[in-house]
Amino acid sequence: MNLQEYIASGVLEAYLLGQLSQEESTRVETMRVNHTEIQQEMLRIEESLELIAQKTAVTPRESVRKNIIGNIKASGHGDVNDEVIPMNKPNNRRLTYLVAASLALALVSSAVSIKLWNQLKETEQQLNNLLAQNQQLAENFDQANYKLEQTNKDLSIIVSEKYQKVVMKSTGSDGALASVYWSQENTNVYLSSGSLPQPPTDKQYQLWALIDGKPVDAGVFDLPDGGNLLLEMKSIAAADAFAITLEPKGGSINPTLEELKVLGNV
Amino acid sequence: MSASSKNNIAEDQLVTLLKRQHPKSFGYLYDHYASSLYGVILRIVRSDDIAEEVLQDVMLTFWQKIAQYDASRGKLFTWMLNIARNQAIDKIRSRKYKEDQKTDAVANNVYTIDRERYTEQYSDDIGVRELLSSLNEDQRLIVDHIYFRGYTQSEVAREFNIPLGTVKTRMRSALIKLRKLVY
């Protein structure tokens, strides 16, 4: 292997990044001593490594410098005078200072404790508020989600080919309108109460399916408050027409024909 | 390093002062190299507290072992860089570090917050991102793992199924490219 190949193999970089075994390292060191070309290339790589580290440097917190210098002093390895305050020899005067300093420290730490305690209480309060808000948000989310699901379900019924829409028109002159979505296949009945007016408080609307002129109860209902959501009614297997009457609260066994509000043929 | 100006002393002079344990030489050493080394350590250990601990240890090592530094075997920074890298890597492979990381991950949110800080501060810091973006994907993988995260060449070779020789040549070509950027 000639020198160029040796350099190109990346072995020098590996050596300088401490990636080689002892044996391989020794070989590189020998090469370095014997070949100026290798020595120069290694200096170039070392320079690059240093520049990359400079370019990606992160400044440590200021306290680190003091700690390290303090540690070196404490380790007893030589004198480091840079920014280190020289210590006085202990004497009585120093003791007085120490006592005074301890007292001051005790006072300060009590004050700090009280402050911290207050902060803790405040933080706890904030946490509780946040938890309550969080709970509220979660509930709102659930509600919105539920509404969305309902709407999606309604929409899927309205657009479904399985469901037949039966429009029931007013039998009087008030122009009231309501619709039934009925699936003969799975016998489900959904009601859209349309423009039915709010019933008197002692009355309820009742939906009927008419088969061969005979009424079959399909359930009583209240007008939905908010939005024109579909109401799921009782299952109906067969019907020629649907109609809605106004009945006493709880509904009737037979429809009160005088109170027939809307009617529509299938 | 450039030659001496008002605030800079040549590397060989600094080494001489350090070897004589001149009281002011350590402060100079710290002021000139701590940030470079701290960046290297921080990216390997990924925690400010641990990185500070490692930085303290290595600075103390430099001061105590400066007599062992042999200028004929490389620049002062290379010597320090390898001591710093090795101690940082030893740290993350130590059992205590692993246990700490694990406890944090399971027990509380502190770890999550640290991770978030980490991604913001270290992995995405502009210097590193800028450098890495100049490399092709193959080179980036090698530099990111070996230089910035402290993997060994053999580990990268094994983990990514790349021949060891290829790992070395890619590291070389990456450093050549990076040199043009930082010089």
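**View 1. Helix α4 of chain A has the length expected of it.** At 1.5 Å a residue, the 20 residues of α4(A) should span 28 Å, and the end C-alpha atoms are 28 Å apart, which agrees. The expected span is 1.5 Å times one less than the number of residues. Helices here are DSSP runs of H or I with at least four residues, strands are E runs of at least two, and both are numbered from the N terminus. This is a predicted model, in which local features need pLDDT of at least 70, side-chain atom pairs count only at pLDDT 80 or more, and totals for chains, interfaces and linings use all residues. Residues are numbered from 1 along each chain as its sequence is written, while chains are lettered from A and ligands numbered from 1 in the order in which they are written. The buried residues of α4(A) are A:M42, A:I45, A:S48, A:L49, A:E50, A:I52 and A:A53. A residue is buried if 20 or more other C-beta atoms lie within 10 Å of its own, exposed if 12 or fewer, and partly exposed in between, with C-beta atoms placed from the backbone.

**View 2. Helix α4(A) crosses helix α4(B).** The two axes come within 9 Å and cross at roughly 60 degrees. Axes are lines fitted to C-alpha atoms, for helices over the stretch in contact, and angles run from 0 to 180 degrees between N-to-C directions. That crossing makes α4(A) oblique to α4(B). Angles under 35 degrees count as roughly parallel, over 145 as roughly antiparallel, 65 to 115 as roughly perpendicular and the rest as oblique. A:E46, A:L49, A:E50 and A:A53 meet B:F77, B:T78 and B:L81. Two residues are in contact if their C-beta atoms, placed from the backbone, lie within 7 Å. By class, this contact has 4 nonpolar, 1 polar and 2 charged residues. Ala, Val, Leu, Ile, Met, Phe, Trp, Tyr, Cys and Pro count as nonpolar, Asp, Glu, Lys and Arg as charged, and the others, Gly among them, as polar.

**View 3. A:V58 sits in a loop of chain A.** The loop runs between α4 (36-55) and α5 (62-75). A:V58 counts as buried, with 21 C-beta neighbours inside 10 Å. Leaving aside neighbours within four places in sequence, A:V58 is in contact with B:S35, B:Y38, B:G39 and B:L42.

**View 4. Helix α5(A) packs on α3(B).** The angle is about 45 degrees, and the axes are 10 Å apart. That makes α5(A) oblique to α3(B). From α5(A), the contact includes A:V64, A:N67 and A:I68; from α3(B), it includes B:E52, B:L55 and B:Q56. The contact residues divide into 7 nonpolar, 4 polar and 1 charged.

**View 5. Helices α2 and α3 of chain B meet each other.** Helix α2 covers residues 25-45, and helix α3 covers residues 48-65. Their axes come within 9 Å and cross at roughly 135 degrees. That makes α2(B) oblique to α3(B). Among the residues that meet are B:F26, B:L29 and B:Y30 in α2(B), and B:F62 and B:W63 in α3(B). The contact residues divide into 17 nonpolar, no polar and no charged.

**View 6. Chains A and B touch.** The contact takes 45 residues from chain B and 42 from chain A. On the chain B side, the largest share, 10 residues, comes from α2(B). That side divides into 21 nonpolar, 16 polar and 8 charged residues.
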